[in-house]
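User: I'm new to this one, so could you take me through it and tell me how each label was earned?
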Amino acid sequence: AKRVVGDDHRLTAEILRLLGHLHLTRESCDEDGRCEEAERATLEALAIQREILGEDHDETLATSNTLGRIYIEQKRFEEAEQVFSATLEASRRVRGEEHQGTLLVMGNLALAYKRLERFDEAVGVYEETLAIQQKALGEGHADTAIALFQLATILRDAGRYEESAGYFEQAIKVDTQALGPDHPYVADDLEEYAKLRRKMGETAR
C-alpha cells in the first residue's frame, strides 16, 4: 500500500489500523511478538490519521481505541487508561455520549480501571454507561442487560456483594424477557450470579 499510494495517504493509515487490529484479535497478540507488531502498525496509522484527518476524526478515534486495547493485552494498564481517557473525552465531544463508539471506549476505560484495581472508578464508568443505555434504548433492551451485567460483575469484584446481586437479578430478568430463557446470555447471567451467591455464603460464615 505504501508503494502505491504513499506513506501519508488515508488508505495507508486504514490498512495499518486494520493490520494492528488483526494482530490484536488473534488468540493472543502477545505470542511471537505480535503485540509489538500491532503496536507499531497502530502507532504509524495513528500518526498518519492525525496528520491528515485530525485528532477528533472518527477513524482516528477508532485507531486510538485499538492502541489502548493493545496496551491492555501488553498489561500496560496505566498507558491504556491514559489513551482511553483521552479518546473518551474526544469521542464525547465529537460523537456524543450515546454513540456506540463512545460507549465502546467507556467499556475499555472501565476495563483499564479494573486491571489497575481502581474499582470505584470502574464502577462509576459502568454506572454512567448503564444510565446512557437505559435512556437511549430503554430498560428492557438486551444491550441494557449487558450494561447491567458489567456493573454487577465489577461490583462483585469490588466486594460490594449486595449491590452486585441486585444488578445481576435485573440482568437475568431483562435478558430472559428480551432474548428468551434459553439464550446463552441468560446462562452467563445465571452462572456469574451463582458465583456471587457462593461468595456471599462464604463471607457470611
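Analyst: Sure. One definition to start with: helices here are DSSP runs of at least four residues, numbered from the N terminus. By that numbering, E117 is found in the loop between α6 and α7 (119-137). Keep in mind that this is a predicted model.

User: What makes E117 count as exposed?

Analyst: Exposed means over 50% relative accessible area. E117 has 62%, so it is exposed. Its phi is also worth a look: near 60°, a positive value in a residue other than glycine.

User: Which residue in the loop between α4 and α5 should I look at?

Analyst: Try K75, which sits in the loop between α4 (58-73) and α5. K75 isn't a glycine, yet it has a positive phi of about 65°. With 61% relative accessibility against a cut-off of over 50%, K75 counts as exposed too.

User: Why are α5 and α6 called roughly antiparallel?

Analyst: Their axes, for residues 77-94 in α5 and residues 100-115 in α6, cross at roughly 155° and come within 9 Å. Angles over 145 degrees count as roughly antiparallel, and α5 and α6 therefore get that label. Their crossing is left-handed.

User: What residues of α5 and α6 meet?

Analyst: On the α5 side, they include F77, F84, L88 and R92, and on the α6 side, V105, M106, L109 and Y113 are among them. The residues of this contact divide into nine nonpolar, six polar and three charged.

User: How do you know that the span of α3 agrees with what it should be?

Analyst: Helix α3 (residues 34-52) has 19 residues, and the expected span is 1.5 Å times one less than that number. That should give 27 Å, and the end C-alpha atoms are 27 Å apart, so the two agree. After α3 comes G54, with a positive phi near 100°.

User: Which residues of α3 are buried?

Analyst: Buried means under 20% relative accessible area. The residues of α3 that meet this include R34, C35, A38, A41, T42, A45, L46 and Q49. In an α-helix there are 3.6 residues a turn, so residues three or four places apart point the same way.

User: Why is A47 called partly exposed?

Analyst: A47 lies in helix α3. Partly exposed covers the range between under 20% and over 50%, and A47, at 48% relative accessibility, therefore counts as partly exposed. The C-alpha atom of A47 is 9.0 Å from that of T60, 13 residues apart along the chain.

Notes
Residues are numbered from 1 along each chain as its sequence is written. This is a predicted model: local features need pLDDT of at least 70, side-chain atom pairs count only at pLDDT 80 or more; totals for chains, interfaces and linings use all residues. Side-chain values use heavy atoms; hydrogens and water are left out. Axes are lines fitted to C-alpha atoms, for helices over the stretch in contact, and angles run from 0 to 180 degrees between N-to-C directions. Helices (H or I, at least four residues) and strands (E, at least two) are DSSP runs, numbered from the N terminus. Angles under 35 degrees count as roughly parallel, over 145 as roughly antiparallel, 65 to 115 as roughly perpendicular and the rest as oblique. A crossing is left-handed if the near helix is turned anticlockwise from the far one by less than a right angle, and right-handed if clockwise. Contact means heavy atoms within 4.5 Å. Ala, Val, Leu, Ile, Met, Phe, Trp, Tyr, Cys and Pro count as nonpolar, Asp, Glu, Lys and Arg as charged, and the others, Gly among them, as polar. Buried means under 20% relative accessible area, exposed over 50%, partly exposed in between (1.4 Å probe, protein chains only).
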